[in-house]
Amino acid sequence: MEEKIGKVELRNLTIDDYQGLKESMIAAYENWTGALWEKKDIDRLLKVFPEGQFAVLMDNKIAGCALSLIIDYDRFGNSHTFRDITGKMTFSTHSPKGDVLYGIEVFVSPKFRGLRLGRRLYDARKELCERLNLRAIVFGGRIPSFHEHADTMTPKQYIEKVRSKQLFDPTLSFQLANDFHVKKILRNYLPGDTESQEYAVLLEWDNIYYEKESSDLAYKKSVVRLGLIQWQMRHYKGLDDLFEQAEFFVDAVSSYKSDFALFPEFFNAPLMARFNELREAAAIRRLAEFTESIRDKFLHFAVSYNVNIITGSMPWITDNGTLQNIGYVCRRNGTFEQYVKIHVTPDERKFWGLEGGCKVQVIETDCGPIGVLICYDVEFPELSRILASQGMQILFVPFLTDTQNGYSRVRHCARARAIENECYVAIAGSVGNLPRVENMDIQFAQAVVFTPCDFSFPTNGIKAEATPNTEMILVADVDIELLHELHTYGAVRNLLDRRTDVYDISYKKKDTPCT
């Protein structure tokens, strides 16, 4: 007598499902205990991409699941392993701006097979792929019956016989029936998968509804040109004088076809001279009155000169009256994003009453994802690591330092960030002096572009550097493709080899403003 079919439910997986998930996994992989997922891995995956994890239940019991990530497929190509795709189970490879939904697990407990529950899971993935406008679903599929034929045929011959239905493979046959096509045979994809002889079949389902982005941001250059502005502090009669000087530098870096122009922290400080009769905290709040006008002017420059502008930083008064140090990425397509300084120095708090912000996020540009950390923030490695986990490729650091001691802290920390996060780091500050502006008397700076230290990069990790304490621009090219190669094939792999089983860094996102 057949068992009565119960209630079927398909929904997103939650961490509370883990015990039932574990029981189904044990049943599904009775011949391969290495396939079992630990609770901490499921928990981490749910935090990274909860929308992409599905569970199918039968009478409220977990019958199977499908797990996935969004990846930038060009970063991995067709030759990769499960370890590469998952970032050694850290899931740092997940990219919300990626183009492919990559399946990293799917199974149905043997008790519930024959009910087409696997098809429901695959259909849920396809619907998600279409809804998120991703171009394809890709995964490395096991061929668990191959070990029965490994002595008499190659993986290619086995796949052809399964495709022609001369042989049946419980996994591959199902996937081919669900409109997936074979792209490649992968070696050593899942170490320990003896049933598949450690082979896997790279399979793809194409989303016919996919529409490639037509905006400028859809195109990402490989070689990116950076223009760093070593700004001379001088007195200005008014805002128009500052704009004239700023436009001169934007024009200069644009004439060299730079993709980015980086201004220093508080480059607009000379405007405080008119408020010198006020105490420092009051003067900088008056300076904040210019911030929106400067942002709008720089946005105009970005479009007019076809260059993305990192506006350094400026004071900003929030809706609740808090004084913060913020800046903007003014894109050359006419849009902008704000960033904020997280850590303020003791003097900034003491003399100006500055407070730190909370938002740490990468900013998408037509040259790929970038990060911006203002001065002191680069001395806290946690922030750049969070940005790196979000896909940052170039880190910009606008700074303001008065002594060589302060500059050395920024310089050496920025250099370390490039190595440990396998990214480029560009720093730019101001030079000169402002004798009539309190707390802004002298400046010391040297603009630099740092790189990782590996064979494809300069041996000292310095791409280019300016003359110290001299007003000038520094123009340098950085190759994003070299970073992709470094992530996978570097002599050392600082991102991939992190021991997240021992330690981890997480970003505590806040729904409310910092107080």
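Is S430 buried or exposed? Hold on to that while I set the scene, and thanks for coming, everyone.

What we have here is a predicted model, where local features need pLDDT of at least 70 and side-chain atom pairs count only at pLDDT 80 or more, while totals for chains, interfaces and linings use all residues. Residues are numbered from 1 along each chain as its sequence is written, and side-chain values use heavy atoms, with hydrogens and water left out.

Back to the opening question. S430 counts as buried because its relative accessibility is 1%. For the cut-offs, buried means under 20% relative accessible area, exposed over 50%, and partly exposed in between, with a 1.4 Å probe and protein chains only. S430 sits in strand β18, residues 430-433. Helices here are DSSP runs of H or I with at least four residues, strands are runs of E with at least two, and both are numbered from the N terminus. Leaving out residues up to four places away in sequence, S430 touches W231, M233, P264, E265, F267, F399, L400, Q443, F444 and A445. Contact means heavy atoms within 4.5 Å.

Now the overall picture. The protein has 13 helices and 22 strands, and its C-alpha atoms fill a box of roughly 95 × 45 × 40 Å along the principal axes. Of its 515 residues, 53% count as buried. If you take contacts between residues at least 6 apart in sequence, 71% of them join residues at least 24 apart.

W231 from that S430 list leads us to the cores. A nonpolar core is a set of buried Ala, Val, Leu, Ile, Met, Phe, Trp, Tyr and Cys residues joined through side-chain atoms within 4.5 Å. The largest one has 102 residues, and those with the most contacts inside it are L226, W231, I309 and F396. Helix α7, residues 239-255, gives the most to this core, with seven residues. There is also a second, separate core of 65 residues, which includes I42, V100, L128 and L186. As for W231, setting aside neighbours within four places in sequence, its contacts include Y236, L242, F249, F263 and V431, and S430 is on the list too.

Let me compare that serine with another one. S145 is in the loop between β5 (136-141) and α5 (155-163). S145 counts as buried because its relative accessibility is 11%. Beyond its neighbours within four places in sequence, S145 is in contact with Y158, F168, D169 and P170. Here is a distance to try in your viewer: the C-alpha atoms of S145 and R225 are 80 residues apart along the chain and separated by 52 Å.

On to empty space. A cavity is a set of points on a 1 Å grid over the protein atoms alone where a 1.4 Å probe fits but cannot get out, and lining residues have an atom within 4 Å of a point. Grid points are joined across faces, edges and corners, and the volume is the space filled by probe spheres set on the points. The structure holds three cavities of 30 Å³ or more, and the largest has a volume of about 90 Å³. Its lining includes Q338, Y339, V340, K359, D377 and L387. Strand β13, residues 336-340, gives the most to that lining, with three residues.

L387 also belongs to helix α11, residues 381-389, where L383, S384, R385, I386, L387 and A388 are buried. What covers the buried residues of α11 includes β15 (368-372), β16 (394-398) and α12 (404-420). Just after α11, G391 takes a positive phi of about 100°.

That brings me to backbone angles. Most residues other than glycine have a negative phi. D179 is not a glycine, yet it has a positive phi of about 75°. D179 lies in the loop between α6 (172-177) and β6 (181-187), and it is exposed, with a relative accessible area of 55%. N188 is another residue other than glycine with a positive phi, near 55°. N188 lies in the loop between β6 and β7 (199-206), and it is partly exposed, at 49% relative accessible area.

One hairpin to finish. Strands β11 (314-317) and β12 (323-330) pair in the antiparallel sense over four bridges, where pairing requires that DSSP finds at least two bridges between the strands. The bridge partner of I317 is L323 in β12. Five residues lie between the strands, and G321 in this hairpin takes a positive phi near 90°.

That's my tour; happy to take questions.

Methods
On a 1 Å grid over the protein atoms alone, a cavity is a set of points where a 1.4 Å probe fits but cannot get out, and a pocket is an open set with protein on both sides within 12 Å along at least five of seven lines; lining residues have an atom within 4 Å of a point.
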